[in-house]
Amino acid sequence: MVFARGWPLVVDAKFLMPGAPRAASGSASEAHLAVSSSRQFTRHQRLISPAEFTRVLSRPDGQLRAGPLRVLWKKNDMQLARLGLIVGKRAAAKAVERNRIKRVIREQFRQRQGELVGSDVVVQAFGSANNAKLTELLARGFAQAGKPR
């Protein structure tokens, strides 16, 4: 396990429950990291620099406008899908609402990133919607982006 500040948790074997499964090689904390790392949204899966966003926004391979969302995508030369988020104050005035929208988008991306391999995807929010509506719109947008070109 790793805490927020990056300090590793050291697990002593005497504190583990008797009969609990142990990692074949390494400690129990290494086994926990191996299980949880596949579900994380890592830095490598994000569009971070302005140049990466501009590359997708200036000449996308495709785009879909659905309700309060616009999904743009462009093929990349990597074997992973990357996501960029644009959720401004015009979309939702309160930070709590903007964070909820971003959380739903990231979760849908995590679930569908296998379909999007080799694509950079930018999702831009223009307004707010409930979680079910956002999920439906994102499913449509990610399905369109994942189609072979």
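The core of this predicted model is an open sheet of four strands, laid out in the order β1-β2-β4-β3 with mixed pairing. At its edges sit β1 (62-66) and β3 (82-87), each of which pairs on one side only. Neighbouring strands are turned by 15° against each other on average, if direction is ignored.

Strand β4 (residues 119-125) is a good place to look at how the mixed pairing comes about. With β3, β4 pairs in the parallel sense over six bridges. Within that pairing, L83 stands opposite V121, and V87 has A125 as its bridge partner. With β2, things run the other way: seven bridges join β2 to β4, and the two are antiparallel. Here R70 is matched with Q124 of β4 as its bridge partner. In general, strands of a sheet pair through backbone hydrogen bonds, in either the parallel or the antiparallel sense.

How much of β4 is buried? Seven of its seven residues are, so to speak, tucked away as buried positions. In a regular strand, side chains alternate between the two faces of the sheet. For β4, one side carries S119, V121, V123 and A125, and the other carries D120, V122 and Q124; all of these are buried, and both faces of the strand are covered.

Helices pack on this sheet as well. Helix α3 (residues 95-112) lies across β3 and β4 and runs at about 160° to β3. Helix α4 (residues 131-146) touches β1, β2 (69-75) and β4, and its direction makes about 25° with that of β2.

One residue of α3 deserves a closer look, namely R112. R112 is buried, yet it has no salt bridge. Why does E115 not count as a partner? E115 is the nearest side chain of opposite charge, but it is 4.7 Å away, and a salt bridge needs a side-chain nitrogen of Lys or Arg within 4 Å of a carboxyl oxygen of Asp or Glu. Leaving aside residues up to four places away in sequence, R112 touches A139 and F142. Both of these contact residues fall within the α4 range of 131-146.

As for confidence, the chain has a mean pLDDT of 79, and 73% of its residues reach 70 or more. Over residues 11-17, though, the pLDDT is below 50, and this stretch has six contacts in the model beyond near neighbours in sequence. Residues 25-37 also stay under 50, with nine contacts beyond four places in sequence.

Terms used: Residues are numbered from 1 along each chain as its sequence is written. This is a predicted model: local features need pLDDT of at least 70, side-chain atom pairs count only at pLDDT 80 or more; totals for chains, interfaces and linings use all residues. Side-chain values use heavy atoms; hydrogens and water are left out. Buried means under 20% relative accessible area, exposed over 50%, partly exposed in between (1.4 Å probe, protein chains only). Lys and Arg count as positive and Asp and Glu as negative; His and the chain ends are not counted. Contact means heavy atoms within 4.5 Å. pLDDT is the predictor's confidence in each residue, from 0 to 100. Two strands pair if DSSP finds at least two bridges between them. Axes are lines fitted to C-alpha atoms, for helices over the stretch in contact, and angles run from 0 to 180 degrees between N-to-C directions.
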